[in-house]
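Colleague: Could you walk me through the model you have open? I would like to go over its domains, its helix packing and its ligand surroundings.

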Amino acid sequence: MDFAFTADEQAFAAGVKRFLAEHPPERFAVDGTDAGYGSGSHSHAFLHALAEQGWLSMTWPKAHGGQERPMFFKLVLLEELALAGAPFGPLAGCWQTADAIIEYGSERLRREVLPAIARGEATFWQGYSEPGAGSDLLALKTEARRDGDDYVIRGHKIWSSHAGISRYGLVFARTSREGRRSRGFSMFVVPNGTAGMDIRPIRSLTGDVYHYEVFLDDVRVPADLRLGPEGEGFVALLNGLDSDRFWGRFYKAPAIERVLRQLVEYANTTTVRGTPLGRDAVVRRRLAGAAVDVAALRALFYRTACLLRDGAPITYETAIAKVLADETGQKVARLGMDLLGLWGPLRAGSPWAKLDGQIAQLYQTSLGHTIAGGTAEVLRTTVAVRGLGLPAEAKAG
Ligand SMILES: Cc1cc2nc3c(=O)[nH]c(=O)nc-3n(C[C@H](O)[C@H](O)[C@H](O)COP(=O)(O)OP(=O)(O)OC[C@H]3O[C@@H](n4cnc5c(N)ncnc54)[C@H](O)[C@@H]3O)c2cc1C
């Protein structure tokens with residue numbers, strides 16, 4: 001395995017750095033705060049600026065308006081954006097949805113939604129979880145009933161991140177109750193604002209709103225907004241979740257590295273009772289330990305990226321990478337709180353907040369990381385069964 005970037009990838013990284021210097025990320029208006037993944041805030045203006053560079057569609061086939069650049073260009077871009085703390089929130093979701101549309105979308109989705117993604121105008125929320133269906137997604141109750149050329153969707157989604165500020169929902173619903181339990185699910189691309197859709201904010205423990213619950217009261221959707229074959233949505237979703245775990249977490253290593261650099265700078269410039277924090281043995285050990293975790297995380301994601309590029313299965317690797325990414329994020333947030341001491345809990349806006357109050361934000365939002373997109377407990381079962389070959393059923397001990 002060759003870990004070196006190619007000359008083209010290095011030139012691209014230099015181009016992204018130039019772009020960021022010419023378009024300082026902090027100047028872009030923000031529509032929604034980072035839900036804590038490290039993807040930066042949601043900024044439609046910033047997404048639009050990325051689209052103007054052709055970066056949203058750069059890996060697509062030319063037949064769909066892309067440039068057929070290798071997948072690693074996307075990794076280079078994500079890494080540079082995360083290191084710069086740019087507000088690139090919706091980017092990975094746009095890429096994933098575009099890939100799914102290119103693979104099995106209808107003519108209509110390719111004609112209407114793909115170009116909107118390329119222009120930076122389309123963003124998506126994921127409507128999977130329901131009040132009674134999270135880890136056990138097959139328990140979901142939302143139904144899509146065929147009615148002529150349409151489907152009529154009825155149900156209740158919850159925890160849908162950024163639903164209120166996105167343009168489309170990816171709504172997962174039951175289209176049939178016949179056959180095996182995992183059959184009979186389909187995915188729909190539902191425009192926000194469709195009659196019968198009611199999106200209500202859920203305030204999080206930070207006080208911000210990034211989750212929503214969505215009530216779907218006989219929402220009528222044309223059949224050609226179904227994404228993939230009818231009834232086969234669950235298989236597509238499982239593949240999608242692997243991809244989701246990869247693209248939705250890849251940028252955590254650079255995002256955490258950015259925070260870590262700031263903590264190191266803080267330790268080197270802050271003196272407590274006459275001694276610089278950077279000389280404290282415990283502080284040094286914990287900062288170095290975090291650096292080790294981040295380096296391992298980055299290597300693990302690049303290894304998974306190579307498998308993904310080569311079309312190999314990534315279920316086991318993404319399970320490990322997601323657990324490590326989320327737990328490293330939580331560990332660094334705790335380290336930051338300990339290092340900042342009494343200043344740690346102060347939020348942005350407080351005149352006494354250190355490091356722009358971002359550690360308090362990270363500490364609170366990172367709690368949800370080990371739940372979102374598959375909980376750490378469920379993913380450890382995936383590691384045990386798929387990776388280590390342990391029996392699928394555990395006995396409580
Ligand atoms: C920050 C955040 C963002 C999210 N964004 C979205 C989104 O955009 N769209 C969306 O659809 N959903 C989203 N979710 C919801 C998320 O997918 C679910 O919360 C998650 O799948 C867990 O489901 P649950 O909350 O119903 O918990 P449950 O599934 O009820 O789990 C409760 C507890 O039981 C444990 N558990 C459950 N089953 C098992 C098992 N088989 N073995 C061992 N332990 C088990 C879990 O690990 C957990 O600790 C988000 C959640 C968070 C926190």
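**Helices, domains and the ligand shell**

Modeller: Gladly, and please keep in mind that this is a predicted model. A good place to begin is helix α7 (residues 252-269), which packs with helix α9 (residues 315-340) at an angle of about 15°, their axes being 10 Å apart.

Colleague: Thanks! Are α7 and α9 roughly parallel or roughly antiparallel to each other?

Modeller: The angle between α7 and α9 is about 15°. Angles under 35 degrees count as roughly parallel. The two helices, α7 and α9, are therefore roughly parallel.

Colleague: Which residues of α9 make the contact with α7, and what is the make-up of that contact by class?

Modeller: The crossing of α7 and α9 is left-handed. On the α7 side the contact is made by Lys 252, Ile 256, Val 259, Leu 260, Leu 263, Tyr 266 and Ala 267, and on the α9 side by Ala 325, Thr 328, Gly 329, Val 332, Leu 335, Gly 336 and Leu 339. By class, the contact of α7 with α9 has ten nonpolar, three polar and one charged residues.

Colleague: And how are α4 and α5 oriented to each other, roughly parallel or roughly antiparallel?

Modeller: Helix α4 (residues 91-104) and helix α5 (residues 107-118) have their axes 10 Å apart and pack at an angle of about 155°. Angles over 145 degrees count as roughly antiparallel. That is why α4 and α5 are roughly antiparallel.

Colleague: How many charged residues does the contact of α4 with α5 have?

Modeller: The crossing of α4 and α5 is left-handed. Cys 94, Thr 97, Ala 98 and Ile 101 of α4 meet Leu 109, Arg 110, Val 113, Leu 114 and Ile 117 of α5. The classes in this contact of α4 with α5 are seven nonpolar and one polar, and the charged count is one.

Colleague: α9 also meets α11; how many charged residues are in that contact?

Modeller: The axes of α9 and α11 come within 9 Å and cross at roughly 145°, and the crossing is left-handed. From α9 the residues include Lys 322, Asp 326 and Glu 327, while those from α11 include Arg 380 and Arg 386. Alongside seven nonpolar and three polar residues, the charged ones in the contact of α9 with α11 number five.

Colleague: Stepping back to the domains, how many residues of domain 3 are in contact with domain 1?

Modeller: The protein chain is divided into domain 1 (7-122), domain 2 (126-231) and domain 3 (249-387). The C-alpha centres of domain 1 and domain 3 lie 23 Å apart. Domain 1 brings 14 residues to the contact, and the number from domain 3 is 16.

Colleague: Finally, which domains each give at least three residues to the shell around the ligand?

Modeller: Of the 19 residues around the ligand, Gly 134, Ser 135, Gly 368, Ala 372 and Thr 375 come nearest. Elements giving two or more residues to this shell are β1 (124-127), β3 (150-161) and α11 (376-387). By class the shell has seven nonpolar, eleven polar and one charged residues. At least three residues come from each of domain 2 (126-231) and domain 3 (249-387).

Notes
Residues are numbered from 1 along each chain as its sequence is written. This is a predicted model: local features need pLDDT of at least 70, side-chain atom pairs count only at pLDDT 80 or more; totals for chains, interfaces and linings use all residues. A residue is near a molecule or strand if its C-beta atom, placed from the backbone, lies within 6 Å of it. Helices (H or I, at least four residues) and strands (E, at least two) are DSSP runs, numbered from the N terminus. Ala, Val, Leu, Ile, Met, Phe, Trp, Tyr, Cys and Pro count as nonpolar, Asp, Glu, Lys and Arg as charged, and the others, Gly among them, as polar. Domain bounds come from an automatic or database domain assignment. Axes are lines fitted to C-alpha atoms, for helices over the stretch in contact, and angles run from 0 to 180 degrees between N-to-C directions. Angles under 35 degrees count as roughly parallel, over 145 as roughly antiparallel, 65 to 115 as roughly perpendicular and the rest as oblique. A crossing is left-handed if the near helix is turned anticlockwise from the far one by less than a right angle, and right-handed if clockwise. Two residues are in contact if their C-beta atoms, placed from the backbone, lie within 7 Å.
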